[in-house]
Amino acid sequence: MKTFISLTWTEGISDGEAKVLIHTVAEMVIRVGERVGPWFQSQALPSVRPFGDWVILAMPHGSAYSSVDWYLNHCRTPDGKRIDGPAYLRLVEMEPWQSSTPHFDVALVAQDLADAEGQSVANVALPGLAAVASAHHVRKLGSQEARVLGLRHLVAHALGRAVGIPLPTRSTDVTPHGDDLYCTNLCAMRPCFHLRDLLEYSMEGMSQPNLYCDACEHDLEATFIGSHYGLS
Ligand SMILES: [Zn+2]
């Protein structure tokens, strides 16, 4: 049973970017709440917990899992320039408190992010558990409005991937990409890896306020309810 969504960000993330992260995730949860009604709103929906650039002061300085910095220092690419996304996700998976307080984890990093092949990507995920997104590519979008819309789209995408939507059981409006399943509707759960994806989606966002399609909103609802009953 996953009772909350943990939001982490790194030192280089601006206050404005952190606000987009928090507001977008909260908005997606509230939209599910509007679909499911008051009982589920109070019982089954995960809370959103913004931990930010956290440090556990009760732990010895620099010890394992004691701060966001510790994670970042243990998942650099060999050239030191990027965050190794899969290595970061393995650390999240191995967190000592993962079994005692199961939760979804969404992180926004200022640094460039690498996938398993070492390619620069906008996000990497471990579906059903965690996702890490990078502001690096979003910051290259031309206007402030495009950067906000691009980041909103990326955060919704990362949240969806962390919780594992589209669900593997869905057979309509989906397309496989490697081991993962993506949506084919006008939706944040389409593939979102590169600057060109963010550019296209940020332009769409100016006329398309909804981030998820109906099918993905339904999958998100099913994931939260299923998690409440220990089904996922
Ligand atoms: Zn969708």
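1. A residue is taken as buried if 20 or more other C-beta atoms lie within 10 Å of its own, as exposed if 12 or fewer do, and as partly exposed in between. With 14 C-beta neighbours inside 10 Å, R139 therefore counts as partly exposed in this predicted model. R139 belongs to the loop that runs between β8 and α5 (144-163). The C-alpha atom of R139 is separated by 28 Å from that of E217, a residue 78 positions away along the chain.

2. On confidence, the model is a prediction, with a mean pLDDT of 91 for the chain and 97% of its residues at 70 or more. Confidence is lowest in helix α2 (residues 38-43), where the mean is 72, and highest in strand β8 (residues 130-134), where it is 97, and a reader who relies on α2 may wish to keep its mean of 72 in mind.

3. As to overall form, the secondary structure of the chain comes to 7 helices and 10 strands. The radius of gyration is 17 Å, which agrees with the value near 17 Å that a compact globule of 232 residues would have. Taken along the principal axes, the box filled by the C-alpha atoms is roughly 45 × 40 × 35 Å, and 38% of the 232 residues are buried.

4. One open sheet has 5 strands in the order β2-β1-β4-β8-β7, and its pairing is mixed. Its edges are taken by β2 (47-52) and β7 (123-126), each of which has a single partner strand, so that one side of each is left without a neighbour in the sheet. From one strand to the next, the twist averages 15°. Within this order, strand β4 (residues 104-109) and β8 run parallel and are joined by 5 bridges; D105 has A130 in β8 as its bridge partner. Strand β8 is also where the confidence of the chain is highest.

5. Another open sheet consists of 3 strands, ordered β3-β5-β6, again with mixed pairing. The edge strands here are β3 (83-84) and β6 (120-121), each pairing on one side only. The pairing of β3 with strand β5 (residues 113-114) is in the parallel sense and extends over 2 bridges, with D84 standing opposite A114 in β5.

6. Helix α1 (residues 15-36) deserves a separate comment: over its 22 residues it reaches 32 Å from its first C-alpha to its last, close to the 32 Å expected at 1.5 Å a residue. Its buried residues are E17, V20, L21, T24, V25, M28 and V32. These cover an arc of only 115° around the axis, which puts them on the same side of α1, whereas D15, G16, I30 and E34, on the other side, are exposed. The helix is followed by G37, for which phi is positive, near 95°.

7. Helix α4 (residues 85-93) can be read in a similar way, with G85, Y88, L89 and V92 as its buried residues. Seen down the axis of α4, these residues fall within an arc of 95°, and they therefore line one face of the helix.

Key:
Residues numbered from 1 in each chain as written. Predicted model: local features only at pLDDT ≥ 70, side-chain atom pairs only at ≥ 80, totals over all residues. pLDDT = per-residue confidence, 0-100. Helix = DSSP H or I, 4+ residues; strand = E, 2+ residues; numbered from the N terminus. Pairing = 2+ DSSP bridges. Axes fitted to C-alpha atoms, helices over the stretch in contact; angles between N-to-C directions. Expected span 1.5 Å × (residues − 1). Arc of directions from axis to C-beta. Rg over C-alpha atoms; globule rule 2.2 N^0.38 Å.
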